[in-house]
Amino acid sequence: YDTYLTYVLDVDYDPAATCPKFDQALLDIFAHSTVPQDMARHFMEFFGHAIQPRRDIACYFMLRGQGSNGKTKLMQTMEKLINKRAMHNDRLANIESDKFAIGALAGRLVLLDDDVDTGTLLADGFLRKVSERKIMTGQLKFEDSFEFVATCLPVLLAIDGVIREVVEGAGAGVFVPPGDPQALTAAVRKLASDRDAARAMGRAG
């Protein structure tokens, strides 16, 4: 295989392949959205970015919604596609100070926190290191510490209301009511006219 990955699925890639059942499952999951097809397309863009190893775009993703609405199932599907060893599941709040947890990120494609708690503050410095391909120092048990370039994409799952507290508590963004394009437009215009506030939110996460 023409790759440096340590895990490869034993399948033949066919770019023309389709899966109507998967497409319909996505539409079912996003059925309560005002634009389910756009949400399904957006998720596939996120999916495509997550399952390949290039990290040219510094970012992390948050999936929010009511409980039992498909978030976990989508991530389980991703795990099947990239191999379980390519995904590290841990609480974001616990990793930064744990050298063994940091060491476990080496070679992973996705860092998943699937239960973000109310009152959680985003670990801005840690998220930046992971999402910007920074050199990190970790350790595996009974072995010496080592350096590696982070390639895992941080993904946070939260129930509605919790993620708002996380983001706004960190001063990292603003929220608008779902399905309200006027409110979204107003928020974008407000940030466009206040570049200092926009930059401060960017620095906060």
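**Figure 1. Overview of the predicted model.** Helices (H or I, at least four residues) and strands (E, at least two) are DSSP runs, numbered from the N terminus. By that count, the protein has nine helices and six strands. The model shown here is predicted. Of its 205 residues, 32% are buried. The accessible surface comes to about 13,000 Å². Carbon and sulfur atoms account for 54% of that surface. Now look at contacts between residues at least 6 apart in sequence: 64% of them join residues at least 24 apart.

**Figure 2. Helix α1 crosses helix α2.** Two packed helices are described by the angle between their axes and the distance between the axes. Here α1 covers residues 20–29, and α2 covers residues 36–50. Their axes come within 9 Å. They cross at roughly 115°. The crossing is right-handed. Which residues of α1 meet α2? They are Phe22, Leu26 and Leu27. On the α2 side, the partners are Pro36, Gln37, Ala40, Phe43, Met44 and Phe47. Sorted by class, this contact has eight nonpolar residues, one polar residue and no charged residues.

**Figure 3. Helix α2 packs with helix α3.** Helix α3 spans residues 71–82. The axes of α2 and α3 lie 11 Å apart, at an angle of about 35°. This crossing is right-handed. From α2, the contact uses Phe43, Phe46, Phe47 and Ala50. From α3, it uses Leu74, Met75, Thr77, Met78 and Leu81. How many charged residues take part in the contact of α2 with α3? There are none; the residues divide into eight nonpolar and one polar. Find Phe43 and Phe47 again: they belong to the contact with α3, and they also meet α1.

**Figure 4. Asn83 in the loop after α3.** Asn83 sits in the loop between α3 and β2 (87–89). Its phi is positive, at about 90°. Yet Asn83 is not a glycine. Is Asn83 buried, exposed or partly exposed? It counts as partly exposed, because its relative accessibility is 23%, and that class lies between the 20% and 50% cut-offs.

**Figure 5. Asp113, a buried residue in strand β3.** Strand β3 runs over residues 110–113, and Asp113 is part of it. Why does Asp113 count as buried? Its relative accessibility is 6%, and buried means under 20%. Leave aside residues up to four places away in sequence, and Asp113 touches six others, listed next. Three of these are Asp90, Arg91 and Leu92. The others are Val155, Leu156 and Leu157.

**Figure 6. The hairpin of β4 and β5.** Strand β4 holds residues 135–139, and strand β5 holds residues 145–149. The two strands pair in the antiparallel sense. Five bridges link them. Take Ile135 as an example: its bridge partner in β5 is Val149. In a regular strand the side chains alternate between the two faces of the sheet. Five residues lie between β4 and β5 in this hairpin.

**Figure 7. Phe142 in the hairpin turn.** Phe142 is found in the loop between β4 and β5. What is the sign of its phi? Phi is positive, near 70°, in a residue other than glycine. Is Phe142 buried or exposed? Phe142 counts as exposed, because its relative accessibility is 85%, and exposed means over 50%.

Notes: Residues numbered from 1 in each chain as written. Predicted model: local features only at pLDDT ≥ 70, side-chain atom pairs only at ≥ 80, totals over all residues. Heavy atoms only, no water. Axes fitted to C-alpha atoms, helices over the stretch in contact; angles between N-to-C directions. Left-handed = near helix turned anticlockwise from the far one by under 90°. Contact = heavy atoms within 4.5 Å. Nonpolar A, V, L, I, M, F, W, Y, C, P; charged D, E, K, R; others polar. Pairing = 2+ DSSP bridges. Buried < 20%, exposed > 50% of the residue type's maximum accessible area, 1.4 Å probe, protein only. Areas by Shrake-Rupley, 256 points an atom, 1.4 Å probe, with all protein chains shown as cover.
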